[in-house]
Amino acid sequence: MKRITLVQKKKEIMQITNKSTTMKERKAMLSLLWIFFLFNTTYADILTLYFNPVLQKEATKQLLSGHVGSLQITQGFVLLGAVLLETAIAMVLLSRVLKYRANRWANIIVGVLQTASVAWSLTGPLYWNLFYAFFAAIEIACTLFIVWYAWTWPHPEGGVLTSGQSSL
């Protein structure tokens with residue numbers, strides 16, 4: 001029978017506590033990054049709506065006619081945009097509450113999806129304003145960092161899982 005000294009037990013508890021604290025810090029940072037992304041997205045869209053009539057009169061006429069480039073703006077198109085934005089909004093909360101594995105993969109998947117979406121938005125003729133490109137660059141850098149940060153998130157090994165708990 002192995003005897004565990006008080007010092008060994010304290011050391012084990014400290015390791016578990018440090019891993020738990022590190023996991024909470026990683027969750028908080030991911031949530032904060034999604035808030036940062038959303039502020040940039042919001043301000044880019046607000047400025048686009050505000051300055052597009054001044055800077056790009058033809059693009060505004062096209063938008064008012066119900067088109068974005070060759071795409072027709074329908075309720076489905078707007079719903080798709082709303083769902084896409086909602087995934088980022090949901091990540092603010094989900095980054096805090098999901099367990100390790102689900103959290104990590106949700107951040108990676110939504111981060112890639114948002115990166116692709118912002119990059120695709122730069123290919124359209126409607127939004128080519130310098131400020132939009134500036135915001136898009138920041139948004140892409142942020143989502144790529146989120147993907148990298150989630151990808152490199154180490155598994156909280158050494159944490160004690162009691163029966164009935166899972167690492168998801």
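Helices and strands here are DSSP runs, with helices having at least four residues and strands at least two, numbered from the N terminus. With that in hand, welcome to a short tour of a predicted model.

**Figure 1. Overview of the predicted chain.** The protein chain has five helices and two strands. Following the sequence, these elements come in the order α-α-β-β-α-α-α. Of the 168 residues in the protein chain, 31% are buried.

**Figure 2. A nonpolar patch on the surface.** Here we look at a nonpolar surface patch of about 560 Å². Its members are Met29, Leu32, Ile35, Phe39, Tyr43 and Ile46. Take isoleucine 46 as a guide to this view: this residue belongs to helix α1, which covers residues 6-55. Because its relative accessible area is 45%, isoleucine 46 falls between the limits of 20% for buried and 50% for exposed, and so is partly exposed.

**Figure 3. An aromatic pair within helix α1.** Eight aromatic pairs turn up in a search of the whole structure. One of them joins tryptophan 34 and phenylalanine 37, in an edge-to-face arrangement with 5.7 Å from centre to centre and 85° between the planes. Both residues sit in helix α1, and they are three residues apart, about one turn of the helix. Tryptophan 34 and phenylalanine 37 are both buried.

**Figure 4. Tryptophan 105 meets tryptophan 151.** This pair is edge-to-face because the ring planes stand at 90°, with the ring centres 6.0 Å apart. The two rings bring together distant parts of the chain, 46 residues apart: tryptophan 105 comes from helix α4 (residues 100-121) and tryptophan 151 from helix α5 (residues 130-151). Tryptophan 105 has a relative accessibility of 36%, so this residue counts as partly exposed. Arginine 104 joins the scene too, lying over the face of tryptophan 105 at 5.5 Å from the ring centre. Arginine 104 also lies over the face of tryptophan 151, where the distance to the ring centre is 5.3 Å.

**Figure 5. An aromatic cluster.** Three aromatic residues share this close-up: Phe145, Trp148 and Tyr149 form one cluster.

**Figure 6. Two threonines in contact.** Threonine 143 is part of helix α5. With a relative accessible area of 0%, threonine 143 is under the 20% limit and therefore buried. Its side chain makes a polar contact with the side chain of threonine 115, at 2.5 Å.

**Figure 7. Alanine 136 and asparagine 40.** Alanine 136 has its place in helix α5. A relative accessibility of 1% is under the 20% limit, so alanine 136 counts as buried. Asparagine 40 is 96 residues away in sequence, yet the C-alpha atoms of alanine 136 and asparagine 40 are 8.2 Å apart in space.

**Figure 8. Proline 156 and tyrosine 100.** Our last stop is proline 156, in the segment after α5. Proline 156 counts as partly exposed because its relative accessibility is 26%. Along the chain, proline 156 and tyrosine 100 are 56 residues apart, while 7.9 Å separates their C-alpha atoms.

Methods. Residues numbered from 1 in each chain as written. Predicted model: local features only at pLDDT ≥ 70, side-chain atom pairs only at ≥ 80, totals over all residues. Heavy atoms only, no water. Patch = residues over 30% accessible without salt bridge, like charges linked within 9 Å, V, L, I, M, F, W, Y side chains within 5 Å. Areas by Shrake-Rupley, 256 points an atom, 1.4 Å probe, with all protein chains shown as cover. Salt bridge = Lys/Arg side-chain N within 4 Å of Asp/Glu carboxyl O. Buried < 20%, exposed > 50% of the residue type's maximum accessible area, 1.4 Å probe, protein only. Phe/Tyr/Trp six-rings, centres within 6.5 Å; stacked < 30°, edge-to-face > 60°. Lys NZ or Arg CZ within 6 Å of the ring centre and 35° of its normal. Polar contact = N/O pair within 3.5 Å; in protein donor to acceptor, adjacent residues only side chain to side chain.
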